[in-house]
Amino acid sequence: MPQLALLLTTVIWAATFPATKLALEQVLPFSFLLLRFLLGTLAVGIVFVCVRHPLRCDAPTLRMAAIASAFLFVGYVTQTVGLRYTTASNSAFITALYVVLVPLFLKRFDARLWTALALAVAGLWLLIRPSADMQVGDLYTLAAAVAFALHIIVVETYARRSDFASVSAWQLVMVTGVLVAPAVAEGYRPGAIEFTPVLVWALVITGVGATALAFFVQVWAQRYVPAQRVALIFALEPALAAWLSWLVLGEQLDAAGWAGSGLVTAGVLIGATAPAPLHHDPLQP
């Protein structure tokens, strides 16, 4: 049951890519991010009240949250801006490079993990087929992958010596606060936004589903599933996002694209017994 819950969580995260892509056709990036994080913060607040979990606000907790929030902010901004200029499929697979970057930054790898990562990178290459005129959106998303990898590393360190739920909640609050200024500068006006069904559903999927619900499902499931297996299940996210983008947005995956998706999946399966642990960012899109 916990592994099934984690798989459903991965589907929710994968759905955020086409959902965000659709939302950005109606609202500017910082405005969407502000609405998403505001809704996610409110949803997490309700969950805290319902489960009667105390929200710690001591100096160490706030300091940890502030450091992690810096990477989280950069990651979400570059990823969301990048989605305006590249496909949802490309965004999902480039973002997934954090799977490669985390063990590289931490110097945690062995032959089996290198094999798995080589297959994943080969699959990524087939999917986006980068060239000298690589889309600017892909470059933004590459920066997001680096930021998310650093965020995961910071979270891994803090999770062992803090109330992780409180740190995560404060991250949402802090990122929401920081987003106000750029959103207003971008032209955000609450009364000027038309909350169409598409935008509402995108906010529900990204704000409530991916941020609040999926996070608490992950916390519950990780009591029973080893962290390494959790990370590998989450590594299926880009393939699922590509398939959903094909279904929802009509983004076409040709033979090379489907082959790339298959290679990524193969890399996940081969890496299932790799000893190096990877921790997924519980606030990832």
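**Figure 1. Helix α5 and the residue that follows it in the predicted model.** Helix α5 covers residues 98-106 of a model that is predicted. Its buried residues are Y98, V99, V100, L101, V102 and P103. Just after α5 comes K107, whose phi is positive, at about 55°. Most residues other than glycine have a negative phi. L101, one of the buried residues of α5, also appears in a nonpolar core of 25 residues, shown again in Figure 3.

**Figure 2. Overall fold of the chain.** The chain has 285 residues, of which 52% are buried. Its secondary structure consists of twelve helices and zero strands, giving the pattern α-α-α-α-α-α-α-α-α-α-α-α along the sequence. Of the contacts between residues at least 6 apart in sequence, 92% connect residues at least 24 apart. The accessible surface amounts to about 12400 Å², and carbon and sulfur atoms account for 71% of that area.

**Figure 3. The nonpolar cores.** The largest nonpolar core comprises 37 residues, and F32, F37, L179 and L199 have the most contacts inside it. Two or more residues come from each of α1, α2 (29-51), α3 (59-83), α4 (88-95), α7 (136-159), α8 (164-186), α9 (197-221) and α11 (237-248). Helix α2 makes the greatest contribution to this core, with eight residues. Apart from this core lies another, of 25 residues, including L101, L113, A145 and A242.

**Figure 4. Surroundings of L199.** L199 is among the residues with the most contacts inside the largest nonpolar core. When neighbours within four places in sequence are left aside, the contacts of L199 are A23, Q26, V27, F32, I193 and E194. F32, one of these partners, is likewise listed among the residues with the most contacts inside that core.

**Figure 5. Helix α4 within the structure.** Eight of the eight residues of α4 are buried, so this helix is largely enclosed by the rest of the structure. The buried residues are A88, S89, N90, S91, A92, F93, I94 and T95. Helix α4 is also one of the elements that give two or more residues to the largest nonpolar core.

**Figure 6. A183 in helix α8.** A183 lies in helix α8 and has a relative accessibility of 0%, so this residue counts as buried. The C-alpha atoms of A183 and L33 are 8.3 Å apart, although the two residues are separated by 150 residues in sequence. Not counting residues up to four places away in sequence, A183 touches F30, S31, L34 and Y188.

**Figure 7. T61 in helix α3.** T61 belongs to helix α3 and is buried, at 2% relative accessibility. Its contacts, leaving out residues up to four places away in sequence, are R56, S166, V167 and W170. The C-alpha atoms of T61 and S166 are separated by 7.4 Å, with their positions 105 residues apart along the chain.

**Figure 8. The salt bridge between R56 and D58.** Side chains of opposite charge can pair when their charged atoms come close. The structure contains one salt bridge, in which the side chains of R56 and D58 meet at 3.1 Å, N to O. R56 is partly exposed, with a relative accessible area of 39%, and D58 is partly exposed as well, at 26%. R56 also touches T61, the residue shown in Figure 7.

**Figure 9. R52 in the loop between α2 and α3, with C50 and C57.** R52 is found in the loop between α2 and α3. Phi of this residue is near 55°, a positive value in a residue other than glycine. R52 is exposed, with a relative accessible area of 76%. C50 is exposed at 61% relative accessible area, and C57 is exposed at 54%. The structure holds zero disulfides.

**Figure 10. A nonpolar patch on the surface.** M1, L4, L7, L8 and V11 form a nonpolar patch on the surface, and their accessible area together is about 480 Å². L4 lies in helix α1, which spans residues 2-23. With a relative accessibility of 47%, L4 counts as partly exposed. Helix α1 is also among the elements that give two or more residues to the largest nonpolar core.

Conventions
Residues are numbered from 1 along each chain as its sequence is written. This is a predicted model: local features need pLDDT of at least 70, side-chain atom pairs count only at pLDDT 80 or more; totals for chains, interfaces and linings use all residues. Side-chain values use heavy atoms; hydrogens and water are left out. Patches are made of residues with over 30% relative accessible area and no salt bridge: like charges are joined within 9 Å, nonpolar side chains (Val, Leu, Ile, Met, Phe, Trp, Tyr) within 5 Å. Accessible areas come from the Shrake-Rupley method with a 1.4 Å probe; for residues, only the protein chains shown count as cover. A salt bridge is a side-chain nitrogen of Lys or Arg within 4 Å of a carboxyl oxygen of Asp or Glu. Helices (H or I, at least four residues) and strands (E, at least two) are DSSP runs, numbered from the N terminus. Buried means under 20% relative accessible area, exposed over 50%, partly exposed in between (1.4 Å probe, protein chains only). A nonpolar core is a set of buried Ala, Val, Leu, Ile, Met, Phe, Trp, Tyr and Cys residues joined through side-chain atoms within 4.5 Å. Contact means heavy atoms within 4.5 Å. A disulfide is a pair of cysteine sulfur atoms within 2.5 Å.
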